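Subject: Structure handover

Hello,

Here is the structure for you to take over. Please open it first, then read the notes below it.

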Amino acid sequence: MQTELFKQIQTDPKINLLPKDGVAHYFQGIFDDVTSDLLYQSLLSSLDWQPDQLWMFGKKVVTQRKVAWIGDSGCSYTYSGIKKEPQAWTPELLDIKSKAEELVQWKFNSCLLNLYHNGNEGMGWHSDDEIELNQEAPIVSISFGATRKFAFRHKRDRTRVSLFLVSGSALAMHAPTQEFWQHSLLKTKLSIAPRINLTFRAIQL
Ligand SMILES: O=C(O)CCC(=O)C(=O)O
Ligand SMILES: [Fe+2]
């Protein structure tokens with residue numbers, strides 16, 4: 001019974017995953033398995049992947065997880081105190097961007113990609129609420145590779161909602177989700193295959 005309900009929630013893009021203060025929709029099978037594998041390989045080899053750098057307790061930390069920042073010219077982006085200049089769009093990225101835009105009827109001008117080599121790598125609790133982002137715009141997150149668990153946590157009462165993001169899926173987060181919720185890509189001892197995640201964002205120019 002619980003499994004049935006879970007499956008339904010996981011696959012019905014009309015259901016809002018959040019009980020309040022935000023809207024998040026999950027779309028499975030945006031890309032089929034063969035296309036997802038091809039896109040994964042092509043993103044892995046065509047982009048300049050760099051370790052992420054962030055400040056933790058006053059110290060600069062370099063992550064195992066790698067990132068690539070893509071955007072229209074002028075879309076520089078500062079987070080955790082590090083200013084990033086964008087790499088140019090590739091044909092594959094533009095195709096994926098079109099799909100993301102179609103899902104939410106919004107135009108994006110930038111994309112942050114994360115490469116998690118194994119289950120030991122994740123992303124801690126945060127909101128995508130950087131000052132450069134248009135706060136009205138949704139964020140669309142697309143995943144290729146290993147299935148990973150993603151969780152939301154309400155900033156005030158700590159309510160949690162979690163789901164598995166499978167290869168070829170999209171997760172759309174609409175305003176005011178970032179204002180009230182944090183999210184995290186949880187680490188796991190189970191999943192050892194790598195995963196690439198893309199978050200399409202609208203930077204205010
Ligand atoms: O890898 C994920 O699914 C989440 C990535 C994320 O939250 C981000 O890039 O801001
Ligand atoms: Fe995020």
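Two residues count as being in contact when their C-beta atoms, placed from the backbone, lie within 7 Å. On that basis, 74% of the protein's contacts with a separation of 6 or more join residues 24 or more positions apart. Please keep in mind that this is a predicted model.

Overall picture. The protein has 4 helices and 13 strands. Its C-alpha trace spans about 50 × 40 × 35 Å along the principal axes. A compact globule of 205 residues would have a radius of gyration near 17 Å; the protein has 16 Å, so the two agree. Of the 205 residues, 31% count as buried.

The seven-strand sheet. Here 7 strands make an open sheet with antiparallel pairing. Their order is β1-β11-β8-β13-β6-β3-β2. The edges are β1 (23-27) and β2 (50-56), and each of them pairs on one side only. From one strand to the next, the twist averages 25 degrees. At the β2 edge, 6 bridges join β2 to β3 (residues 59-71), and the two run antiparallel. Methionine 56 has lysine 59, in β3, as its bridge partner.

Helices on that sheet. Helix α3 (residues 91-104) packs on the sheet and touches β1, β3, β6, β8, β11 (169-174) and β13. Its direction makes about 130 degrees with that of β8. Helix α2 (residues 33-46) lies across β6, β8 (139-145) and β13. Helix α2 runs at about 95 degrees to β8.

The four-strand sheet. Another 4 strands form an open sheet, in the order β7-β12-β9-β10, again with antiparallel pairing. β7 (123-126) and β10 (160-165) each have a single partner strand, so one side of each is left without a neighbour in the sheet. Neighbouring strands are turned by 15 degrees against each other on average, direction ignored. For β7, the partner is β12 (residues 181-185), joined to it by 2 bridges. Histidine 126 has histidine 183, in β12, as its bridge partner.

The ligand. Which residues surround ligand 1? They are Leu112, Asn114, Met123, Asp128, Ser141, Phe150, Leu165, His183, Leu185, Asn197 and Thr199. Three elements give two or more residues to this shell: β6 (110-116), β12 and β13 (195-201). By type, the shell divides into 5 nonpolar, 5 polar and 1 charged. His183 is thus worth a look in both places: it is in the shell around ligand 1, and it is the bridge partner of histidine 126.

Best wishes

Key. Residues are numbered from 1 along each chain as its sequence is written. Chains are lettered from A and ligands numbered from 1 in the order in which they are written. This is a predicted model: local features need pLDDT of at least 70, side-chain atom pairs count only at pLDDT 80 or more; totals for chains, interfaces and linings use all residues. Two strands pair if DSSP finds at least two bridges between them. Axes are lines fitted to C-alpha atoms, for helices over the stretch in contact, and angles run from 0 to 180 degrees between N-to-C directions. A residue is near a molecule or strand if its C-beta atom, placed from the backbone, lies within 6 Å of it. Ala, Val, Leu, Ile, Met, Phe, Trp, Tyr, Cys and Pro count as nonpolar, Asp, Glu, Lys and Arg as charged, and the others, Gly among them, as polar. The radius of gyration is taken over C-alpha atoms; the globule rule is 2.2 Å times the number of residues to the power 0.38. A residue is buried if 20 or more other C-beta atoms lie within 10 Å of its own, exposed if 12 or fewer, and partly exposed in between; C-beta atoms are placed from the backbone.
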